Amino acid sequence: MNEDYIQTGRTNQKLETRDKILKSAQYFLKKGKGFNLENVAQKSGVSRATIYRYYSNVEILTTEASLDINTLNSEAILENYQDKSLEEKVLGIQDYFNRLSLDNEPLFRRYLSAVVIPATPKSVRGARRIKALNLALEKENLPSQEKKDLAKLLTLFMGIEPLIVTKDVAGLSNNESQRMLKWGMQLILKGYLSGNE
C-alpha cells in the first residue's frame, strides 16, 4: 500500500477507499476466484488508476487483503483493555500483533518481499499497529507530539519486522522472540513512564 498517498489530503476518505479496495479483493479471495486490478476496480467502484495509487500490483493487494481478513480492527483489539493501565494496553496490543505475525508468518514474509523492493513506491507498514497504539495513548495526559513519537517507538517491538530480526539474526525461537520483544517493550515503558512522573 502506498502510505505516502494515504497521508496527503483527505486522509479519512482515502482510508475508506483503501478499505473498499481491500473488501473487494477479499470478495474474490473468499469465493476462491482469481482476480486482477481491473476486477477489483469494477467490484469496488473505484477507477483502476486510483487502485494503482494504493497498490502497485495485484500481488501486494492480494497479500494485504489476505492478511486483513484475519486482522481485528484497533477498537476490537483494545476492547479487553479499556480499564487497564497504559502498560497493560500496550503489552496487549504487542501480544496481539506478535501472535498474529507468528500465526501468519509465511504470508507476512511474502507481503514484505513484495513491498520491500527498490522499485516499489515508499510503503509504510504497520498502520494497524500505529492506530491501535494511538487509541491506547489518546486518553493519556501527554503532549500530542510525545504520543505520536511514543506510538512510533513502540511499533519497533511488534509485528513481523522485529520477529524476523529476533529469529533470523539473533537465532531465537518463537517463544524466546516474544519474551525478548515483551521485555524490550517493558523497558521502554518503564523508562518513559518513570521520566514523566
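A crossing is left-handed if the near helix is turned anticlockwise from the far one by less than a right angle, and right-handed if clockwise. Keep that in mind, since I'll use both words today.

Okay, what are we looking at? This is a predicted model, where local features need pLDDT of at least 70 and side-chain atom pairs count only at pLDDT 80 or more, while totals for chains, interfaces and linings use all residues. Residues are numbered from 1 along each chain as its sequence is written, and side-chain values use heavy atoms, with hydrogens and water left out.

So, the overall picture. The chain has 12 helices and zero strands; by helices and strands I mean DSSP runs, H or I of at least four residues for a helix and E of at least two for a strand, numbered from the N terminus. Reading from the N terminus, the elements go α-α-α-α-α-α-α-α-α-α-α-α. Of the 197 residues, 43% count as buried, and buried here is under 20% relative accessible area, with exposed over 50% and partly exposed in between, using a 1.4 Å probe and protein chains only. The chain exposes about 11,000 Å², with carbon and sulfur atoms supplying 50% of that; those areas come from the Shrake-Rupley method with a 1.4 Å probe, and for residues only the protein chains shown count as cover.

One more number for the whole chain: take contacts between residues at least 6 apart in sequence, and 67% of them join residues at least 24 apart. Contact means heavy atoms within 4.5 Å.

Right, on to helix pairs, starting with helix 5 and helix 8. Helix 5 is residues 58-69, and it packs against helix 8 at about 150° with the axes 9 Å apart. The axes are lines fitted to C-alpha atoms, for helices over the stretch in contact, and angles run from 0 to 180 degrees between N-to-C directions. That angle makes helix 5 roughly antiparallel to helix 8; the cut-offs are under 35 degrees for roughly parallel, over 145 for roughly antiparallel, 65 to 115 for roughly perpendicular, and oblique for the rest. And here's where the opening comes in: helix 5 passes helix 8 in a left-handed crossing.

Who touches whom? On the helix 5 side it's Glu59, Ile60, Thr62, Thr63, Glu64, Ser66 and Leu67, and they meet Leu107, Phe108, Arg110, Tyr111, Ala114 and Val115 of helix 8. By class, that contact has seven nonpolar, three polar and three charged residues. For the classes, Ala, Val, Leu, Ile, Met, Phe, Trp, Tyr, Cys and Pro count as nonpolar, Asp, Glu, Lys and Arg as charged, and the others, Gly among them, as polar.

Have a look at Val115, in helix 8, which covers residues 105-115. Val115 counts as buried, at 5% relative accessibility. Its C-alpha is separated by 9.7 Å from that of Tyr55, 60 residues away along the chain.

Just before helix 8 there's Asn104, in the loop between helix 7 and helix 8. Is Asn104 buried or exposed? Buried, at 17% relative accessibility. Leaving aside neighbours within four places in sequence, Asn104 is in contact with Leu67 and Asn70. Leu67 should sound familiar, as it's on the helix 5 list too.

Now helix 10. Helix 9, residues 127-137, and helix 10 have axes that come within 9 Å and cross at roughly 135°. Helix 9 and helix 10 are therefore oblique to each other, and their crossing is right-handed. From helix 9 you get Ile130, Leu133, Asn134 and Leu137, and from helix 10 Lys147, Leu150, Ala151, Lys152 and Leu154.

Helix 10, residues 144-154, also packs with helix 12, residues 174-195, at about 160° with axes 11 Å apart. That makes helix 10 roughly antiparallel to helix 12. This crossing is right-handed as well. Glu146, Leu150, Leu153 and Leu154 of helix 10 meet Met185, Ile188, Leu189 and Tyr192 of helix 12, a contact with seven nonpolar, no polar and one charged residues.

Last stop, Leu163 in helix 11, residues 160-169. Leu163 is buried, with a relative accessible area of 1%. Setting aside neighbours within four places in sequence, Leu163 is in contact with Asn98, Ser101, Leu102, Ser177 and Leu181.
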